[in-house]
Amino acid sequence: MTESPQPTARHPYPVDDPLIELEGFGLSLGGRQILSNISFSVPKGSITALIGPSGSGKTALLRSFNRMNEWTDPVRMDGSLKFEGKDIHSSGTDLLGLRSRVGMVFRTPNAFSMSVLENVAYALRVQGKRHPEDGAEKILRRTGLWNLLKDRLSDRGDRLPSGLQQRLCVARALAASPALLLLDEPCSILDPVNTAELEDLLLSLGGEPTVVIVTHNPQQAARISQYTAFLSQGRLVEVGPTERVFQRPQRRETDDYISGRFG
């Protein structure tokens, strides 16, 4: 029988089946150091939350997983970042292939200016799937949107209310069958009702795909994630199973943040 990996100083909790592995990862954008010496793994099939105060590097780390930082700034990286066992910064990396395996949903809903149905069918059409409209219906049903939108399928997606539009963006990302779904504070402009609906949607995915979510709300991380990484000032302070991080934090800084004493 294969033994499970043991915790170490660099990897403070064991992960049998990691989807993402960071070793001494550092990131500079435009000559400014954003992240330093980040080492942890994201378990396949999990919801992993990245929490921390504003400016801690959460979004920069999230955008590193599909190399999106490189779109805007001169970038320098240290260490390694592996996705599905391969370093995504190696010379042979297929960026289009990487980004087809890693979906992303942003803070502000950005549904396409096309019909609700076509917003979801588009990814299936690009992939050459047969009967993309039927596939889109299946995705809308899976995400709980079918009953809400079945009479509005011809409406423009970008004209939906923000809560529905954000859920449509998640459905659109899922249509591409990603291995990893990145969410950058997807509830930041949503009201509590729509936030609860989106959280229920993420929980209903059942680990397919793996989800990494940046959230400014520690309580949201506690509600929906199985693993939590707490960042502050560009460094990893603490990481591990969410229940342990919130109920038995190992660092005073973590306890201060999740209890609201700072941040």
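**Exercise 1. In what order do the 6 strands of the open sheet lie, and what kind of pairing do they show?**

Solution.
Step 1. The model examined here is predicted. Its open sheet has the strand order β6-β7-β8-β3-β9-β10, and the pairing in this sheet is mixed.
Step 2. The ends of that order are the edge strands, β6 (102-105) and β10 (235-241), each of which pairs on one side only.
Step 3. From one strand to the next, the twist averages 15°.

**Exercise 2. Determine the sense in which β3 and β8 pair, and in which β9 pairs with β3 and with β10.**

Solution.
Step 1. Strands of a sheet pair through backbone hydrogen bonds, and the sense may be parallel or antiparallel.
Step 2. Strand β3 (residues 47-51) pairs with strand β8 (residues 210-214) in the parallel sense, over 4 bridges. Within this pair, L50 is placed opposite V214 of β8.
Step 3. Strands β3 and β9 also run parallel, joined by 4 bridges. Here I51 has F230 of β9 as its bridge partner.
Step 4. Strands β9 and β10, by contrast, run antiparallel and are joined by 6 bridges. F230 has E238 of β10 as its bridge partner.
Step 5. The hairpin of β9 and β10 has 2 residues between the strands, and Q233 takes a positive phi near 55° in this hairpin.

**Exercise 3. Decide whether β9 is enclosed or open to the surroundings.**

Solution.
Step 1. In a regular strand, side chains alternate between the two faces of the sheet. Both faces must therefore be examined.
Step 2. On one side of β9 stand Y227, A229 and L231, and on the other T228, F230 and S232; all of these are buried.
Step 3. Because 6 of the 6 residues of β9 are buried, the strand is largely enclosed by the rest of the structure.

**Exercise 4. Describe the surroundings of S225.**

Solution.
Step 1. S225 belongs to the loop between α8 (218-224) and β9 (227-232).
Step 2. Its relative accessible area is 9%. Residues under 20% count as buried, so S225 is buried.
Step 3. A polar atom of the S225 side chain lies 2.6 Å from the backbone oxygen of A221. The S225 side chain also reaches the backbone oxygen of Y227, at 3.4 Å.
Step 4. Apart from residues up to four places away in sequence, S225 touches I47, T48, A49 and T242.

**Exercise 5. Explain why C169 and C187 do not form a disulfide.**

Solution.
Step 1. A disulfide is a covalent bond between the sulfur atoms of two cysteines.
Step 2. For C169, the closest cysteine sulfur is that of C187, 12 Å away; because this is too far for a bond, the two are not joined. The structure holds 0 disulfides.
Step 3. C169 counts as buried, at 2% relative accessibility. C187 is likewise buried, with a relative accessible area of 11%.

**Exercise 6. Identify the residues with the most contacts inside the largest nonpolar core, and follow the contacts of V170.**

Solution.
Step 1. The largest nonpolar core has 43 residues, and those with the most contacts inside it are V120, L140, V170, L181 and L183.
Step 2. Helix α6 (residues 162-175) supplies the largest share of this core, 8 residues.
Step 3. Leaving aside neighbours within four places in sequence, V170 is in contact with V105, L181, L183, L198 and L201.
Step 4. A second, separate core has 32 residues, including V42, L61, M104 and L231.

Note on methods: Residues numbered from 1 in each chain as written. Predicted model: local features only at pLDDT ≥ 70, side-chain atom pairs only at ≥ 80, totals over all residues. Heavy atoms only, no water. Core = buried A, V, L, I, M, F, W, Y, C linked by side-chain atoms within 4.5 Å. Buried < 20%, exposed > 50% of the residue type's maximum accessible area, 1.4 Å probe, protein only. Contact = heavy atoms within 4.5 Å. Disulfide = S-S within 2.5 Å. Pairing = 2+ DSSP bridges. Axes fitted to C-alpha atoms, helices over the stretch in contact; angles between N-to-C directions. Polar contact = N/O pair within 3.5 Å; in protein donor to acceptor, adjacent residues only side chain to side chain.
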